[in-house]
Structure formats: C-alpha cells, structure tokens
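Here's a short set of exercises to work through with the model open in your viewer. Try each task before reading its solution.

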Amino acid sequence: MTDHDITNDTSGRIRDGIDTAKETAVSAYDATREKASEAAHAAADAIETNPLGIVVGGLALGALVAAVIPRSQREKEFLAPVGKRVSAATVAAIAAAKEAGRAELDNLGLNKGAAKDQARSLFQGVVKAATTAGAAAAQAGKEKVKGDGTTAR
C-alpha cells in the first residue's frame, strides 16, 4: 500500500464517520422535534380539557418557585411598586365589580327594599288566606251545627 492509498482510505473513513454522525444528529433532531410536537399537543389538549386546573397548577408552581428562590434586594426595590400597583388595581377591580353587580340587581328590582316589600306582601297574602280560610271554616261549622239542629228537631 502506498501513502496515497492510506490517505484515501483514512479520508474515506473520516467521511463515513462524518456521514454517520450527520445521520445520527438528523435522526435525533427529528425525534426531538416529534416529541416536542407531541408534548405541545398534549399540553393544548390538557388546557382545553381543564383550563382552571392548568391555571391553578401554574399558580402553585409559581408560588413554589417564589418560596424556594429568595428575592434579591434589587428585585425587592424593583417589584415593590409593581406589587403595590397590582394590589391597588385588584382592590379597584373588586370594588367596580361589586358596584356593577349591585347596580344590575337594583335595575332588576332585586335590592334590600324590594326584598322587604316582597316579604311584607307575601306575609299579608298568607294572613289574608288564613283569615279567609278561618272564616270559611267557621261558616261551614255554623251551617253544619244549624243543619244538625234542624234535622234533629
């Protein structure tokens, strides 16, 4: 064997090695891409099936990470105003929702005064029905007594 043959043989083996490595890398990339696509589809299905569970899980994970990783002084300085704004916005949103709900109930006639009026009206109706039923019972009793008295004589 000549030096030229050895060089060609070595060069061929290197090319074969490079080709094999390239094929392995492409295969690994394709497999990884397929697994990532499957995971994305599974996550999308889970979100569609149980969105509230995903939100709760995300919040729990965030709380866990926040509890485990201590905040730096820089984060405290940076996030304190943000936390105050978020807190103020939350309070304002709750107050607005409460007021809007109260206004909508008032528009429907469902408020404290209307409820009292309805209860009073219902009570008056029950009293009237009881009075009418009592009077009818008394009248029927009198007629029965009269009827029995006239047939016995």
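**Exercise 1.** Is Arg 120 buried, partly exposed or exposed?

*Solution.* A quick note before starting: this is a predicted model.
- Step 1: the relative accessible area of Arg 120 is 48%.
- Step 2: exposed needs over 50%, and buried needs under 20%.
- Step 3: so Arg 120 ends up partly exposed.

**Exercise 2.** Find the salt-bridge partner of Arg 120 and work out how the pair sits in its helix.

*Solution.*
- Step 1: look for a carboxyl oxygen within 4 Å of a side-chain nitrogen. Asp 117 fits the bill, with N to O at 3.2 Å.
- Step 2: place both residues. Asp 117 and Arg 120 belong to helix H4, which covers residues 112–152.
- Step 3: check the spacing. They're 3 residues apart, or about one turn of the helix.
- Step 4: check the partner's exposure. Asp 117 has a relative accessible area of 46%, so it is partly exposed too.

**Exercise 3.** How many salt bridges does the whole structure have, and which other pairs form them?

*Solution.*
- Step 1: a search of the whole structure turns up 3.
- Step 2: go to helix H1 (residues 3–49). Here Asp 30 and Arg 33 pair up at 3.7 Å, N to O. Because they are 3 residues apart in H1, about one helical turn separates them. Asp 30, at 34% relative accessibility, is partly exposed.
- Step 3: move on to helix H3 (residues 73–107), home to Glu 99 and Arg 102. Their closest N and O atoms are 3.9 Å apart, and once again the spacing is 3 residues. Both are partly exposed, Glu 99 at 48% and Arg 102 at 45%.

**Exercise 4.** Which residues make the nonpolar surface patch of about 490 Å²?

*Solution.*
- Step 1: the members are Leu 61, Leu 64, Val 65, Val 68 and Ile 69.
- Step 2: take Val 68 as a sample. It lies in helix H2 (residues 51–68).
- Step 3: at 60% relative accessibility, Val 68 is exposed.

**Exercise 5.** Is the chain a compact globule or more spread out?

*Solution.*
- Step 1: list the elements. There are 4 helices and 0 strands.
- Step 2: compare radii of gyration. The chain comes in at 42 Å, while the globule rule gives 15 Å for 153 residues, so the chain is more spread out than a compact globule.
- Step 3: get the box. Along the principal axes, the C-alpha atoms fill roughly 155 × 55 × 30 Å.
- Step 4: check burial. Of the 153 residues, 0% count as buried.
- Step 5: look at the surface. About 13,100 Å² is exposed, with 64% of it from carbon and sulfur atoms.

Conventions
Residues numbered from 1 in each chain as written. Predicted model: local features only at pLDDT ≥ 70, side-chain atom pairs only at ≥ 80, totals over all residues. Heavy atoms only, no water. Helix = DSSP H or I, 4+ residues; strand = E, 2+ residues; numbered from the N terminus. Buried < 20%, exposed > 50% of the residue type's maximum accessible area, 1.4 Å probe, protein only. Patch = residues over 30% accessible without salt bridge, like charges linked within 9 Å, V, L, I, M, F, W, Y side chains within 5 Å. Areas by Shrake-Rupley, 256 points an atom, 1.4 Å probe, with all protein chains shown as cover. Rg over C-alpha atoms; globule rule 2.2 N^0.38 Å.
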